[in-house]
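Opening the notebook on this one. I wanted to look up a few residues and their salt bridges.

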2 protein chains.
Amino acid sequence: MRLGVLGGGQLARMMALAARPLGIDVTVIDPNVEAPARHVASHIVASLDDREALHQLAEQCDVVTIELEAVPPESLEHLQRLRPVYPSGEFVAMTQDRLSEKLGLRALNIATAPINDEVELPAIVKTRRGGYDGRGQRRVSTDAERDRALDELPDPIVEAIVDFRRELSIVAAADRHGRIACWPVATNTHRNGVLFTSQPHGDDPCQQQAEAIATALIRRYGVIGVCCVELFDTEHGLVANEVAPRVHNSGHWTIEGSTTSQFEQHVRAVCGLPLGLSDLRQPTAMINVIGQEPSLEHLLSIDGVHVHRYEKAPRAERKVGHVTITAATERQLVDRIRRTKAVIDS
Amino acid sequence: MRLGVLGGGQLARMMALAARPLGIDVTVIDPNVEAPARHVASHIVASLDDREALHQLAEQCDVVTIELEAVPPESLEHLQRLRPVYPSGEFVAMTQDRLSEKLGLRALNIATAPINDEVELPAIVKTRRGGYDGRGQRRVSTDAERDRALDELPDPIVEAIVDFRRELSIVAAADRHGRIACWPVATNTHRNGVLFTSQPHGDDPCQQQAEAIATALIRRYGVIGVCCVELFDTEHGLVANEVAPRVHNSGHWTIEGSTTSQFEQHVRAVCGLPLGLSDLRQPTAMINVIGQEPSLEHLLSIDGVHVHRYEKAPRAERKVGHVTITAATERQLVDRIRRTKAVIDS
């Protein structure tokens with residue numbers, strides 16, 4: 001079996017690392033000659049709208065998937081004529097645009113933040129397309145600020161600021177037969193708008209509602225593979241924030257923390273293989289390494305620390321790796337997280 | 001950091017898969033163009049005594065290790081002048097020859113099977129060098145049979161048949177500072193002389209004695225990296241059978257069953273990084289896939305099954321992959337082992 005991936009970043013890299021033991025070849029398209037997946041996958045150096053490269057990918061692969069939602073819709077459409085592509089263009093398109101995402105969620109009776117005319121200030125003005133990790137958005141407190149942001153940001157949407165107790169996310173997978181497996185929800189924290197930590201909970205009170213949200217999306221859009229919904233936990237229940245039609249940073253803990261990692265699960269699903277167990281094996285947390293890389297030796301001197309470097313050039317606000325921490329008890333986990341953060345921040 | 005490996009089989013493949021997340025490059029030398037490590041490591045296609053290839057390896061690497069004991073001693077000696085090589089030539093040489101292995105063990109007061117003149121028939125005549133997986137050995141019951149085997153087998157040794165309750169092994173690692181980490185001992189079963197299953201035990205009554213044996217060897221030979229001692233559990237205590245100066249098939253369960261896999265541990269040790277935890281995370285067992293590959297779909301339909309294909313051409317008696325099985329309870333593990341064996345044997 002040969003799997004093609006649009007994008008060759010860290011998500012494709014971890015997919016390829018999970019695919020190899022199953023004997024599955026991965027080929028990626030990425031314009032960056034230093035794409036993180038380059039060491040473990042065949043790498044077609046080309047942009048994602050390069051027709052010749054797409055043909056080459058189709059020739060080298062039996063099935064195609066994505067590692068990012070920012071893929072040209074025409075490329076997905078074109079590939080769909082050549083090979084099975086998961087997820088569908090419809091699902092990807094819904095997640096590429098904050099407005100269609102919100103409307104798509106609401107059509108399934110999933111709560112979202114108020115938008116546009118529904119919003120009271122202060123609020124956040126965001127670009128409908130292309131923003132990520134806190135980029136392409138601006139907080140506005142007055143009508144004048146809002147109007148200026150609406151003028152200056154391309155194709156904007158106004159979103160209410162949701163009063164939440166915590167941010168969490170659910171990562172879920174569906175196979176070709178419609179079977180669905182959800183991992184335990186994880187609580188997320190951010191630094192400067194970038195995901196910093198994710199910690200799963202085996203008995204989270206929001207699990208059932210989060211699974212219902214993921215399941216509704218998967219059924220409506222015929223999802224095959226892994227997807228993620230970022231959620232706000234509010235006093236009125238869960239509010240959906242964003243949908244990712246792919247493996248997600250908040251699911252990286254599954255590599256060591258679950259019987260089946262989100263990467264192996266995705267590969268299995270899109271290749272027509274059965275899903276694996278999506279459990280929580282033991283207390284686990286994930287911490288992103290952002291900007292600069294800490295000492296590998298210091299990180300590895302902490303018991304239960306698993307290091308994942310992406311082999312990317314360091315740059316401010318850039319995710320250059322992550323660390324998963326496993327422990328026998330919650331108490332031990334808290335201690336190891338504290339020591340790991342100290343190394344990352346040193 | 002760049003790691004060179006003599007040999008590009010499945011052990012080097014799994015080392016490279018463990019090294020990549022740490023940002024460590026692996027280069028292997030292997031004469032087989034289809035060496036299992038080829039997909040995840042740089043591959044120098046050459047025999048292990050090719051001087052030019054050894055020089056190329058040294059140029060591409062900061063440190064060198066092995067994935068098999070059958071390396072030409074001259075190659076190790078030569079490389080040692082160019083780069084740090086772990087383990088030492090002395091330790092490798094000791095394990096290459098069944099006689100020096102036995103004498104080396106005895107010098108440390110570690111019990112071995114009686115050999116040569118000490119032996120009463122029936123016994124086993126083995127070649128001192130190069131035999132593995134039951135090859136190069138013959139069971140003899142009479143003086144005539146023994147004499148014929150001694151004539152026919154090259155450079156033979158006579159070994160007594162040890163009356164054991166079970167076969168087990170201990171896998172251990174040492175870092176450059178002399179710190180040692182041993183995994184729980186595993187009980188091994190064989191099929192036609194080839195390892196078939198390994199199952200670790202968290203509270204094995206032989207753990208302490210096995211660790212003492214591994215520790216004595218590591219201290220005596222200044223081992224850095226992972227090694228393994230195969231043992232017989234007899235009514236007079238443990239008897240050492242074979243020493244492997246490398247990661248070992250009976251330690252494959254550590255990939256999913258321990259916080260640190262033997263492959264990551266070895267890479268960390270030889271690269272001068274600290275050792276990780278060598279615990280047993282949950283009930284785990286390993287089953288080898290020998291000869292022909294079973295249905296991937298059927299294997300993956302069993303919860304807790306982790307498939308490791310080596311991408312080798314199938315051949316009778318050849319290890320073409322292994323499966324690790326994890327479970328929440330011993331009872332669940334037994335059930336999953338039974339179902340996995342049924343798929344492998346079908």
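Below are my notes, entry by entry, on what I looked up in this predicted model.

**A:T324.** I started in strand β16 of chain A, residues 319–326, where A:T324 sits. I checked its accessibility: A:T324 is buried, at 0% relative accessible area. Its side chain makes a polar contact with the side chain of A:E256, at 2.9 Å. I also pulled the residues A:T324 touches, leaving out those up to four places away in sequence; among them are A:H252, A:W253, A:M286 and A:H308.

**Helix α9 of chain B.** I went through residues 262–270 and found nine of the nine buried, so the helix is largely enclosed by the rest of the structure. After α9(B) comes B:G272, with a positive phi near 80°.

**Salt bridges.** I got 50 over all chains. Inside α9(B), I looked at B:R268 with B:E264: the closest N and O atoms are 2.8 Å apart. These two are four residues apart, so about one helical turn separates them. Both B:R268 and B:E264 are buried.

Next I looked up B:R339 with B:D335, a salt bridge at 3.7 Å between the closest N and O atoms. They are also four residues apart, in helix α11 (residues 330–345) of chain B, so again about one helical turn lies between them. B:R339 is partly exposed at 32%, and B:D335 is partly exposed at 31%.

In chain A, I noted A:D147 bridging to A:R146 at 3.5 Å. A:D147 is partly exposed at 39%, as is A:R146 at 23%.

Last entry: A:R13, A:E311, B:R20 and B:D25 are linked in a salt-bridge network.

Technical notes. Residues are numbered from 1 along each chain as its sequence is written. Chains are lettered from A and ligands numbered from 1 in the order in which they are written. This is a predicted model: local features need pLDDT of at least 70, side-chain atom pairs count only at pLDDT 80 or more; totals for chains, interfaces and linings use all residues. Side-chain values use heavy atoms; hydrogens and water are left out. Buried means under 20% relative accessible area, exposed over 50%, partly exposed in between (1.4 Å probe, protein chains only). A polar contact is a pair of N or O atoms within 3.5 Å; within protein, one must be able to donate a hydrogen and the other to accept it, and residues adjacent in sequence count only if both atoms are side-chain atoms. Contact means heavy atoms within 4.5 Å. A salt bridge is a side-chain nitrogen of Lys or Arg within 4 Å of a carboxyl oxygen of Asp or Glu.
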